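Thanks for making time this morning; I would like to walk you through a structure that is new to most of us. Please have a look at it first, and then I will go through its parts.

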Amino acid sequence: MILRLNEIKSEGEDFEWTETETSLTDNLKDVLGSNSFVATAHIMPSGSAYDVHGAIRSQCDLTCGRCLKSYKMPLDLKFHEILLLSETKNKTMIRGTPEDFEDVGALHIKSLNFDIGEMYREFIILEQPPYPVCSESCQGLCPKCGQDLNEKKCDCLGAGLAKDTVFSVLKNVKLN
Ligand SMILES: [Zn+2]
Ligand SMILES: [Zn+2]
């Protein structure tokens, strides 16, 4: 999804894309799969920098690291980014320095043909947890027999748990 930043009106422009926008879908299908999405952006030129407020709503298909089942993580993210054209001839037109934008996040771009789909993609990847779990209370699989402990307990882990409990009681005694 290439945006021509030099064609954006000086008062700023609003954009909205959904899954019917195939060029954005191409950017996002590896992170969103077949989930529908609505992506919006408000882009405002400021000298040779561009102020972008973006949002995207969708779902990600993730695999739980404990029970190995796939689940859907709701995605509702907003971001604010400053695009700075790196090799601009009119450097003095940039109001402020990159440091001024640090709390917002400045992204150096090389061309005014900006791939906004790639930006959405990166923010979605950042939003995904490094160790996905379907729920904080997920019991996972038994390491011995592979039983899904959310569905049914098995005997092998019962024995292991009892030992652990005795061990932690002993540890507590020592500490006290
Ligand atoms: Zn799980
Ligand atoms: Zn088991």
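On one side of helix 1, Thr22, Ser23, Asp26 and Asp30 are exposed, and I should say at once that what we are looking at is a predicted model. Which residues of helix 1, which spans residues 22-32, are buried? They are Leu24, Asn27, Leu28, Val31 and Leu32, and because they cover an arc of only 115 degrees around the axis, they lie on the same side of helix 1. The cover over these buried residues includes strand 2, strand 3, strand 4 and helix 2. Just after the helix comes glycine 33, which has a positive phi, near 60 degrees.

Let me turn to the partner helix. Helix 1 and helix 2 pack with their axes 9 Å apart and at an angle of about 15 degrees, and since angles under 35 degrees count as roughly parallel, that makes helix 1 roughly parallel to helix 2. Their crossing is right-handed. In this contact, residues of helix 1 including Leu24, Leu28 and Val31 meet a set in helix 2 that includes Tyr120, Ile124 and Ile125. Helix 2, residues 116-127, also lies across strand 3, strand 4 and strand 5, and it runs at about 130 degrees to strand 5.

That brings us to the sheet. It is an open sheet of 5 strands in the order 2-3-4-5-6, and its pairing is mixed. At the edges are strand 2 (13-18) and strand 6 (106-109), each of which pairs on one side only, while the twist from one strand to the next averages 30 degrees.

Going through the pairs, strand 3 and strand 4 run antiparallel and are joined by 9 bridges, with alanine 39 standing opposite isoleucine 56 in strand 4. These two strands form a hairpin with 2 residues between them, and glycine 47 in the turn has a positive phi of about 65 degrees. Strand 4 and strand 5 are likewise paired in the antiparallel sense, over 15 bridges, and here valine 52 has glutamate 81 in strand 5 as its bridge partner. Their hairpin has 6 residues between the strands, and in it leucine 68 takes a positive phi near 65 degrees.

How do strand 5 and strand 6 run, parallel or antiparallel? They run parallel, joined by 4 bridges, and leucine 84 stands opposite histidine 108 in strand 6.

Note on methods:
Residues numbered from 1 in each chain as written. Chains lettered and ligands numbered in written order. Predicted model: local features only at pLDDT ≥ 70, side-chain atom pairs only at ≥ 80, totals over all residues. Pairing = 2+ DSSP bridges. Axes fitted to C-alpha atoms, helices over the stretch in contact; angles between N-to-C directions. Contact = placed C-beta atoms within 7 Å. Buried ≥ 20, exposed ≤ 12 C-beta atoms within 10 Å, placed from the backbone. Arc of directions from axis to C-beta. Parallel < 35°, antiparallel > 145°, perpendicular 65-115°, else oblique. Left-handed = near helix turned anticlockwise from the far one by under 90°.
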